[in-house]
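Me: I'd like to learn how to read a protein model from scratch. Could you walk me through this one?

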Amino acid sequence: MGIDFKISIVKNLFEGTNKVLGFSDYANSVIKLESNQDKQNKLQTLVHEITHIILWNTGYDDLNANEQLIVAFGNVLYQVLKDNNLSEIVESK
Ligand SMILES: [Zn+2]
């Protein structure tokens, strides 16, 4: 959608007061991933955050706030994309 996001691997990632595995900073175009998770969980979290960004950038704020929908859609999308080369994206950071 025309915006390039940076991926940042962070130790002890918090969103407000909640410890999280991933967080999307829309205003600064950064996806933050908790470092203390294995490769497959980093990738699944990355797809989860991409799902948030897609809905945010297309104006579906109500759907973007539905965490259960994001988890279900993101996890299925992760499974579909698993055979592609997403590993290099995370491993090169
Ligand atoms: Zn989420």
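Reply: Here is a short tour, going from the whole chain down to single residues. Keep in mind that this is a predicted model.

Me: Fine. Which elements does the chain have, and how do they run from the N terminus on?

Reply: Begin with a plain inventory. The chain holds 4 helices and 5 strands, and from the N terminus the order is β-β-β-β-β-α-α-α-α.

Me: What does the radius of gyration of the chain agree with?

Reply: The trick is to compare the value with what a globule would give. A compact globule of 93 residues would come out near 12 Å, and the chain has 13 Å, so the two agree. For another view, the C-alpha atoms fill a box of roughly 30 × 30 × 25 Å along the principal axes. As for burial, 20% of the 93 residues count as buried.

Me: Now the strands. In which sense do strand 1 and strand 5 pair?

Reply: A handy idea before we look: in a regular strand the side chains alternate between the two faces of the sheet. Here, strand 1 (residues 6-10) pairs with strand 5 (residues 30-34) in the parallel sense, over 5 bridges. One partnership to find is valine 10 with glutamate 34.

Me: And how many bridges join strand 4 and strand 5?

Reply: Strand 4 (residues 22-25) makes 4 bridges with strand 5, in the antiparallel sense. Serine 24 stands opposite isoleucine 31 there. The hairpin of these two strands has 4 residues between them, and serine 29 takes a positive phi near 55°.

Me: Is leucine 21 buried or partly exposed?

Reply: Count neighbours to decide. Leucine 21 has 18 C-beta neighbours inside 10 Å; a residue needs 20 or more to be buried, so this one counts as partly exposed. Leucine 21 is found in the loop between strand 3 (18-19) and strand 4. Leaving aside neighbours within four places in sequence, its contacts are Glu34, Gln37, Asn41 and Thr45.

Me: Last one: what distance should helix 1 span?

Reply: First, the general picture: an α-helix has 3.6 residues a turn, so residues three or four places apart point the same way. Helix 1 (residues 39-57) has 19 residues, which at 1.5 Å a residue should span 27 Å, and its end C-alpha atoms are indeed 27 Å apart. Its buried residues include Leu43, Leu46 and Val47. Just after helix 1, look for glycine 59, with a positive phi of about 85°.

Methods
Residues are numbered from 1 along each chain as its sequence is written. This is a predicted model: local features need pLDDT of at least 70, side-chain atom pairs count only at pLDDT 80 or more; totals for chains, interfaces and linings use all residues. The radius of gyration is taken over C-alpha atoms; the globule rule is 2.2 Å times the number of residues to the power 0.38. A residue is buried if 20 or more other C-beta atoms lie within 10 Å of its own, exposed if 12 or fewer, and partly exposed in between; C-beta atoms are placed from the backbone. Two strands pair if DSSP finds at least two bridges between them. Two residues are in contact if their C-beta atoms, placed from the backbone, lie within 7 Å. The expected span of a helix is 1.5 Å times one less than its number of residues.
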